[in-house]
Amino acid sequence: MNKMIAALVVATAILSTVALAEAQQTGKIPRIGFLAGGGSALPEAFEQGLRDLGYAKGKNITFEYRSREGGTAGWADLTAELIRLKVDIIVADGSGPADAAKKVTNTIPIVMTSSTDPVGTGLVASLARPGGNVTGLSSVSAELGGKLLEILKEIIPQLSRVVVPGPPPGSSTQDLFIKETESPARALKVQVTRVAVRGVEDYENIFRVATKERAHALVVRIPPNIPPGQRKQFVELVAKHRLPAIYQATNWIDAGGLISYGADRNYQFQRTAVYVDKILKGAKPADLPVEQPTKFEFVINLKAAKQIGLTISPNVLARASRVIR
């Protein structure tokens, strides 16, 4: 019986890697397309995740990285370019790239690094059984509004009005965030004002509205995968207006932002690598459940706090995953 079990284990291991092995034997190296909002290189955590799974760039895997930074091409055009390059999988960094990619192809597997509401936006049929050609990770960021307000309230006890800059009405992810935040905002006695942001041309209006509403803080819902230059421009404006702001991704803090709370992006990228590996070994996106985040990051930038004259209590600092001093 033990010999039979051992034989089954070996057979399963062989079958799980047969697709990748056949590709390598025929000289075909898997090609992965990566759609990003900004930056000029693959996320290191994603590459490291693949290295941990036995992949070496240029040897048994290659990449085609496409970003909207500095260009005029939209997601659909960039996706079409990746299809012409005959990529085996498209990794989409966020809801926007994933949605655009799905509209262009229903055959090439698409792996999301994160998506606020993949079911509500129609990217997948359900989290348990996605169906179609899209799977990956969700971010549950739309459900975190209450938590963001709680953090701000603890740092700014007098908090009673916040402005939420983000995608305009009609954006399902932002609409859901506002809806999910209404109840905890009432409980915390905080008035929430939404401001539509379509691009950098709308940045100044955020602060005009904040001044008019006498807002105590910003809850920033501008997508974190915008080009780094746009993130830096926004953060500098926030500092200029001396407004506390909380974000949902650490790359805003890397740009000089004050506080972030959200799914651990590096861990999300590592998990994305696992999905890529499974699909290369024969798994179908339709059968791979969408994962919800299990690791969150709470980061505080004391340099930014000092810049706007904000004091953060030791109790709050003690709970942070990382503090920049």
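This is a short talk on the pockets, the cavity and some of the strands and helices of one protein model.

Okay, hi everyone. One thing before I start: what you have in front of you is a predicted model. Let's begin with the empty space.

Rolling a probe the size of a water molecule over the atoms shows where empty space is left. So what did that give us here? The largest pocket has a volume of about 1200 Å³. If you want to find its centre on your screen, look for G96, P167, P223, P224 and N225, which are the closest to it out of the 46 residues in the lining.

Which helices and strands build that lining? Four of them put in at least two residues each: helix α5, residues 95-104; helix α7, residues 172-187; strand β10, residues 259-263; and helix α11, residues 265-280. Out of the whole lining, α5 has the largest share, with five residues. And how does the lining split by class? You get 18 nonpolar residues, 21 polar ones and seven charged ones.

Now the runner-up. The second largest pocket holds about 400 Å³ of space. It has 24 lining residues, and to get to the middle of it you look for P43, R231, N251, R265 and F269, the ones nearest the centre. Helix α11 turns up again here, giving at least two residues to this lining, and so do strand β1, residues 31-36, and helix α10, residues 250-254. By class, the lining of this second pocket comes out as nine nonpolar, eight polar and seven charged.

So much for pockets; what about closed-off space? With a lower limit of 30 Å³, the count comes to one cavity. Its volume is about 40 Å³. Around it you'll find E47, L50, R51, Y55, K57, I61 and F63. Four of those lining residues are nonpolar and three are charged, with no polar ones. Which helix gives the most to this lining? That's α3, with three residues.

Let's stay with α3 for a moment. It covers residues 44-52, and A45, F46, E47, G49 and L50 are buried in it. What do those buried residues pack against? They sit against β1, β2 (that's 62-67), β3 and α11. After the helix comes G54, and its phi is positive, near 100°.

That brings us to β3, residues 89-92. Try turning the model so you can see its side chains: I89 and V91 point one way, I90 and A92 point the other way, and all are buried. This strand has partners, too. It runs parallel to β1, joined by four bridges, and G33 stands opposite I90. It also runs parallel to β4, residues 110-112, this time with three bridges. In that pairing, I90 stands opposite I110. Now follow the chain from β3 through α5 to β4: that's a β-α-β crossover, and it's right-handed. And yes, that's the α5 with five residues in the lining of the largest pocket.

There's another one of these further along. Where do you look? Find strand β6, residues 161-166, and strand β7, residues 191-196, which pair in the parallel sense over six bridges. You can use G166 as a landmark, since A196 in β7 stands opposite G166. Here the chain goes from β6 through α7 to β7, and this β-α-β crossover is right-handed.

Last bit: two single residues. First, T181, which lies in helix α7. Is T181 buried or exposed? The cut-off for buried is under 20% relative accessible area. T181 has 4%, so it counts as buried. Setting aside neighbours within four places in sequence, T181 is in contact with G145 and L149.

Then there's S260, over in strand β10. The relative accessible area of S260 is 1%, so this residue is buried as well. Which residues does S260 touch, again leaving out neighbours within four places in sequence? The list is Y247, A249, T250, I253, E297, F298 and V299.

Okay, that's me done. If you'd like something to try afterwards, click on I90 and look for G33 and I110 opposite it. Thanks!

How values were computed. Residues are numbered from 1 along each chain as its sequence is written. This is a predicted model: local features need pLDDT of at least 70, side-chain atom pairs count only at pLDDT 80 or more; totals for chains, interfaces and linings use all residues. Side-chain values use heavy atoms; hydrogens and water are left out. On a 1 Å grid over the protein atoms alone, a cavity is a set of points where a 1.4 Å probe fits but cannot get out, and a pocket is an open set with protein on both sides within 12 Å along at least five of seven lines; lining residues have an atom within 4 Å of a point. Grid points are joined across faces, edges and corners, and a volume is the space filled by probe spheres set on the points. Ala, Val, Leu, Ile, Met, Phe, Trp, Tyr, Cys and Pro count as nonpolar, Asp, Glu, Lys and Arg as charged, and the others, Gly among them, as polar. Buried means under 20% relative accessible area, exposed over 50%, partly exposed in between (1.4 Å probe, protein chains only). Two strands pair if DSSP finds at least two bridges between them. A crossover is right-handed if, with the strands pointing away from the viewer, the path from the first strand over the helix to the second runs clockwise. Contact means heavy atoms within 4.5 Å.
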